Amino acid sequence: MKRMNNRAANNMALLVLTLMLTGPAAADEQPLVDTGQLYVHGDLQENTCRLEMDSAWQEVDLGTTARADVNLVGRAAKPVTVKLYLRDCPVLGNWSTNITPLTETVSPMQPPYRARFVAVSDTSNPDLVAVTGASGIGLRLRDSRGKTVMLSRTGDTLLLNPGQDQVTFTLAPERTTAPFIAGPYHAVINFSLIYQ
């Protein structure tokens, strides 16, 4: 009889505990539910080259140029190389028509690119980038073939060799017809690379 009472007491304790956990207050509460929506978007492209972040903004130091280096109109000082580093360039076929001259660029394996440089041009020679500060010089920008880059125009299609990870340009101070005034100078040149 005593054993039965212990079992009954245990059952009663279990019932009281269950009622405490699932009593009327717990039964009346409803879980809070929030709903929402995710708007997902992206852009799927062919694998193209990407410009390294270190190349997107660079300081190019042209050093000191003596008057003797640029003593005649059209004479340029020693050029400084500017490198734009790329990554993830694919090996792919391409075909493109260049505007000037009217030529076609075709390759079964080399990724193509076109460059566009935008800057204020020199008033006496629109082929040169204008400088602020000193007077009597402008900056000549040339591509990897040694051709002058025409400002504010998209250049011809050029090919990257398979595995090539850089595009090279040069900048050089060049004498203009403006009066020669010595001093520090600077210029800002914006650029974009268009991959085809």
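# A guided reading of the predicted model

T157 is found in the loop that runs between strand 7 (137-142) and strand 8 (158-159). The structure is a predicted model, and this residue offers a convenient point of entry. T157 counts as buried because its relative accessibility is 4%, where the limit for a buried residue is under 20%. Its side chain takes part in a polar contact of 3.5 Å with the side chain of R114.

The same loop between strand 7 and strand 8 also holds S152. Unlike a buried residue, S152 is partly exposed, because its relative accessible area is 35% and the partly exposed class lies between 20% and 50%. The backbone of S152 has a positive phi of about 60°, although S152 is not a glycine. Most residues other than glycine have a negative phi.

The chain as a whole may now be considered. The secondary structure of the protein chain consists of three helices and eleven strands. Read from the N terminus, the order of elements is α-α-β-α-β-β-β-β-β-β-β-β-β-β. The protein chain has 196 residues, and 27% of them count as buried. Among its contacts between residues at least 6 apart in sequence, 74% join residues at least 24 apart.

The next subject is the nonpolar interior. In soluble globular proteins, nonpolar side chains tend to be buried together. Here the largest nonpolar core has 24 residues, and Y113, F117, V167 and F169 touch the most other members. Strand 2, strand 5 (112-118), strand 7 and strand 9 each contribute at least two residues to this core. For F169, the contacts beyond four places in sequence are with V80, T81, V82, L84, A115, F117, L141, R142, D143 and V149.

From the core, the account passes to the largest pocket. Rolling a probe the size of a water molecule over the atoms shows where empty space is left. The largest pocket holds about 830 Å³ of space. Its lining is made up of 36 residues, and those that lie nearest its centre are V60, L139, L171, A187 and I189. By class, the lining residues comprise 24 nonpolar, nine polar and three charged.

Which elements each supply at least two residues of the lining of the largest pocket? They are helix 3 (53-56), strand 2 (80-87), strand 6 (132-135), strand 7, strand 9 (166-175), strand 10 (181-186) and strand 11 (190-195). Strand 10 provides the largest share of this lining, with six residues.

L62 has contacts with two of the residues just named. L62 is placed in the loop between helix 3 and strand 2. Apart from neighbours within four places in sequence, L62 is in contact with V80, L139, L171, P173 and Y185; L139 and L171 are among the residues nearest the centre of the largest pocket. L62 counts as buried because its relative accessibility is 16%, and the limit is under 20%. The C-alpha atoms of L62 and A77 are 9.5 Å apart, with their positions 15 residues apart along the chain.

Two further residues, D122 and A130, belong to another loop. D122 sits in the loop between strand 5 and strand 6, and A130 is placed in that loop as well. Is D122 buried or exposed? D122 is buried because its relative accessible area is 10%. The side chain of D122 reaches the backbone nitrogen of N125 at 3.1 Å. Beyond four places in sequence, D122 touches L128, V129, A130, I137 and T176. D122 and I137 are 15 residues apart along the chain, and their C-alpha atoms are separated by 8.6 Å.

The contacts of A130, leaving aside neighbours within four places in sequence, are V120, S121, D122 and A187. A130 and A187 are 57 residues apart in sequence, yet their C-alpha atoms are 6.8 Å apart in space. A187 is also one of the residues that lie nearest the centre of the largest pocket.

The last residue to be considered is D88, which lies in the loop between strand 2 and strand 3 (94-97). D88 counts as partly exposed because its relative accessibility is 39%. Its C-alpha atom is separated by 9.9 Å from that of E52, which is 36 residues away along the chain.

Key. Residues numbered from 1 in each chain as written. Predicted model: local features only at pLDDT ≥ 70, side-chain atom pairs only at ≥ 80, totals over all residues. Heavy atoms only, no water. Helix = DSSP H or I, 4+ residues; strand = E, 2+ residues; numbered from the N terminus. Buried < 20%, exposed > 50% of the residue type's maximum accessible area, 1.4 Å probe, protein only. Polar contact = N/O pair within 3.5 Å; in protein donor to acceptor, adjacent residues only side chain to side chain. 1 Å grid on protein atoms, 1.4 Å probe; cavity = no way out; pocket = protein on both sides within 12 Å on 5 of 7 lines; lining within 4 Å. Points joined across faces, edges and corners; volume = space filled by probe spheres on them. Nonpolar A, V, L, I, M, F, W, Y, C, P; charged D, E, K, R; others polar. Core = buried A, V, L, I, M, F, W, Y, C linked by side-chain atoms within 4.5 Å. Contact = heavy atoms within 4.5 Å.
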